[in-house]
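Student: Could you take me through one helix of this model close up? I'd like to see how it sits in the chain.

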Amino acid sequence: MEVTVNLIYADHVDPRTVTAKHLVIAIGGAGDAGGAVDGLSRELAGEAGRPIGSFPTDEVANYLRNRPRITMTDGWLADYRPPTLTLHEGRDAEGDRFLVLSGPEPGLNWEKLADSVVSLVDRFMVEQVTVVMAVPMGVPHTRAITATLFASDQTMLPDHPELPWDVSMPASFPVMLGLRLEEAQVPVAGVALHVPHYLAEQDYPAAAMAGVDWVARLTNLKVSPTAELTEKDAAFAMMINQALQQNPPFAAMVGKLEAAYDEPGQPQLGVAAGQAGVPSAEEIGAEAEQFLRDLNQGEGTD
């Protein structure tokens, strides 16, 4: 039997009523350092949003790579939660509709899923797709979050020159989807947020906030971080600064990252670990282990 990967609409949704100019691709996985993409999707598909539908989990999920969670309560199993790739509809501050595709990165049937998304973009009259990712970089948390932008048409990027180099890298589903959409003549813009290496495994609220800001810039949607996310960012910043004070070697490492960041040209394009005097990933990791222990201990204190 041939595998099909079609959106399963929620019971309350009439597909004929769904239209939106913008679709935001906020899919986690390898491209979600600092939980930025997951945090962004929660912001955009929050209280004002509604689920439109989801894709069949068994046709797209790789359970061995992304194991679902299950809870044991009072000696028995309950609350099994499989990974779900969901399409939400949201509204910005002016009431304009937009769509958000979010969830874990699919492990199977990429091409069939991409074909389905391309069809939905046409059906819902989407005019632009925006892809958001987050990658670990040799940047300090004490500076503004940098990003790499890309687009099928460079004029879609605000005040950002075309990158002067070619890069070959392992593909992720969001970027492969962007390519298939461009082949279908759908305008696509994307942003890869640069998250400090040492915070890549933490939920980093500042990165999610930067993601919301970039979506607003690339789409002109009137979206902004919620008060809850802003409060989380302030609390996390206080906690991480306290942890740094308790770890002078790591504070020195962050100082090196700051010096590299402040070099002319670096804030725009970011800088990779081990480049231009930046500590290598191994050097960062050696100090990061103790830093993260300090950070996690801080989370457990009042």
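Tutor: Sure, let's go for α7, which runs over residues 248–261: its 14 residues reach 20 Å from the first C-alpha to the last, close to the 20 Å expected at 1.5 Å a residue, where the expected span is 1.5 Å times one less than the number of residues. Helices here are DSSP runs of H or I with at least four residues, strands are E runs of at least two, and both are numbered from the N terminus.

Bear in mind that this is a predicted model, with local features needing pLDDT of at least 70, side-chain atom pairs counted only at pLDDT 80 or more, and totals for chains, interfaces and linings using all residues. Residues are numbered from 1 along each chain as its sequence is written, and side-chain values use heavy atoms, leaving out hydrogens and water.

Now the packing: Phe250, Met253, Val254, Leu257, Glu258, Ala260 and Tyr261 of α7 are buried, meaning under 20% relative accessible area with a 1.4 Å probe and protein chains only. Looking down the axis of α7, these buried residues fall within an arc of 160°, so they line one face of the helix; the arc is taken from the directions from the helix axis to the C-beta atoms.

At the start of α7, a side-chain oxygen of Asn247 comes to within 3.0 Å of the backbone nitrogen of Phe250, and Phe250 is one of the buried residues of α7.

As for the setting, the chain has nine helices and ten strands, and 46% of its 302 residues count as buried.

Definitions and conventions
Buried < 20%, exposed > 50% of the residue type's maximum accessible area, 1.4 Å probe, protein only. Polar contact = N/O pair within 3.5 Å; in protein donor to acceptor, adjacent residues only side chain to side chain.
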